[in-house]
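Trainee: I am new to this structure and would like a close look at a single part of it. Please take one residue, describe its place and surroundings, and then connect it to the rest of the chain.

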Amino acid sequence: LLYGAAAISAGAAYLAGRRAADSLGVLAPEAEAVLSEQADLALVSLIALVAAAAFRIVASIRGRGLHVASVGGLRLLGVLGILAATATLVITAEHGGSLVYRYGVAVAGHTPSEASQGIASDPEVQQESAAGRLRVEADGSIDWRPRPQDADALGTIVRPVTGALGDVVSALPPDGDDSGLRIRIAGFTVLCLPDHFGDVTVTAALDLSGFDGTVGIGHHVQSADTGVFYTVSTGGEAALIRRTAGSTKSLDVSPLQQELGRELLVTSVAGRHLKGQIGGKSVVHGHGSSGEPGRVGLLLDGRGIVRVGRLSVRPANGH
């Protein structure tokens, strides 16, 4: 009974943990990596406890009626399963403690990750050139906050993976709103930063009120048809997809219950865990390999005007 109760409780804890993890909002890449490792360890613990319970219950059924229960192979396997589960539970708990006490995850009053901040007006940055507004930190982080006059950023800071500028995408002149660079879209393109990254958290602050179609954030991008993309569409859908040489695999899809306007999109990848958030809430969570390190950028597929207020990249553990 105790073995069975342990397995059932572990299943409930695992499901509750997954739900809690998706409610945490934007985390620092290092914390996201720890959270992903904890989720994997929790699954191993659950499997070990279920196996141990199964062996122990079968052994009890077979030994029913015996005055003295024999040790037997099944009971021994049950004990070994419990020992394995105990070891992984200790490591899982250590990861949970690290999330709270080292990274401040889910702690009231803790300052949120910079990635959770939206479009902000920075008076000092406004006086710089378009190139000066691209900030690169020592750890490899990139933060680009374009202004309306930064038309030359297209082709210098972000470049289309395929095709030429002007065919599908072009910069528009300032319109009096100083919250970002307006881009006209007429078709499909992927605009990427030049550097290559592995595990990352990517944030894009976009105004989609004048756009009809699909926008997204890509990472591990090798070409226009190879990479991992978190997308949202004006048709009311969020998706995590992996494109490989023209074929597309859906990792997760979820309906969006909102019209798209000024949005903060965040995607993160830590190991085999991939997430997509909008407005600080997780909407898609998939699992799988992202492939070789690649570029990071914006996927734009549709027609209309997109205002880009920010594009930032934070690598995990200096990758």
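Mentor: Start with leucine 274, which is placed in strand E11. The model is a predicted one, and that applies to every value below. Strand E11 covers residues 273–278. Leucine 274 has a relative accessible area of 0%, so it counts as buried, the cut-off being under 20%.

What is leucine 274 in contact with, leaving aside its neighbours within four places in sequence? Its contacts include His219, Val228, Leu240 and Leu251. Ser268 and Val269 are also in contact with leucine 274. Further along in the numbering, Val284, His285, Gly286, His287, Gly288 and Ser290 complete the list. One more distance helps to place the residue: the C-alpha atoms of leucine 274 and valine 200 are 10.0 Å apart, with their positions 74 residues apart in sequence.

Some of these names lead on to other parts. Val228, a contact of leucine 274, is also a contact of isoleucine 217. Isoleucine 217 belongs to strand E6, a strand that runs over residues 200–223. With a relative accessible area of 0%, isoleucine 217 is buried. Leaving aside neighbours within four places in sequence, isoleucine 217 touches Val202 and Ala204, then Val228, Phe229 and Tyr230. Its other contacts are Leu265, Val266, Thr267 and Gly297. From isoleucine 217 to cysteine 192 the C-alpha separation is 9.6 Å, and the two are 25 residues apart along the chain.

Strand E6 also holds histidine 220. This residue counts as buried, at 5% relative accessibility. Its phi is near 55°, which is a positive value in a residue other than glycine.

Next, take a loop. Glycine 261 sits between strand E9 (247–255) and strand E10 (262–270). Is glycine 261 buried or exposed? Its relative accessible area is 14%, and because buried means under 20%, glycine 261 is buried. Leaving aside neighbours within four places in sequence, its contacts are Leu206, Asp207, Leu208 and Ser209. For Asp207 there is also a distance: its C-alpha atom is 5.4 Å from that of glycine 261, although the two are 54 residues apart along the chain.

Now return to His285, one of the contacts of leucine 274. His285 is also touched by aspartate 22, as are Lys275 and Ser282, not counting residues up to four places away in sequence. Aspartate 22 lies in helix H1, which spans residues 2–22. It has a relative accessible area of 26% and is therefore partly exposed, since that class lies between 20% and 50%. The C-alpha atoms of aspartate 22 and glutamine 277 are 9.2 Å apart, with the residues 255 places apart along the chain.

Helix H1 and strand E11 also appear together in the largest pocket. Each supplies at least two residues of its lining, as do helix H2 (29–62), helix H3 (72–101) and strand E12 (281–287). Helix H2 gives the most, with 10 residues. The lining has 25 residues, and those nearest the centre of the pocket are Tyr14, Gly17, Gln38, Ala39 and Ala42. By type, the lining divides into 14 nonpolar, 8 polar and 3 charged residues. The space in this pocket is about 540 Å³.

For the setting, the chain has 4 helices and 13 strands. Of its 319 residues, 46% are buried. Among contacts between residues at least 6 apart in sequence, 67% join residues at least 24 apart. The accessible surface is about 15,200 Å², and carbon and sulfur atoms account for 57% of it.

Last comes the confidence of the prediction. The pLDDT averages 84 over the chain, and 88% of the residues score at least 70. Among the elements, strand E7 (residues 226–233) has the highest mean, 94, whereas helix H4 (residues 123–126) has the lowest, 41. The pLDDT is below 50 over residues 114–127, a stretch with 29 contacts in the model beyond near neighbours in sequence.

Methods: Residues numbered from 1 in each chain as written. Predicted model: local features only at pLDDT ≥ 70, side-chain atom pairs only at ≥ 80, totals over all residues. Heavy atoms only, no water. Buried < 20%, exposed > 50% of the residue type's maximum accessible area, 1.4 Å probe, protein only. Contact = heavy atoms within 4.5 Å. pLDDT = per-residue confidence, 0-100. Areas by Shrake-Rupley, 256 points an atom, 1.4 Å probe, with all protein chains shown as cover. 1 Å grid on protein atoms, 1.4 Å probe; cavity = no way out; pocket = protein on both sides within 12 Å on 5 of 7 lines; lining within 4 Å. Points joined across faces, edges and corners; volume = space filled by probe spheres on them. Nonpolar A, V, L, I, M, F, W, Y, C, P; charged D, E, K, R; others polar.
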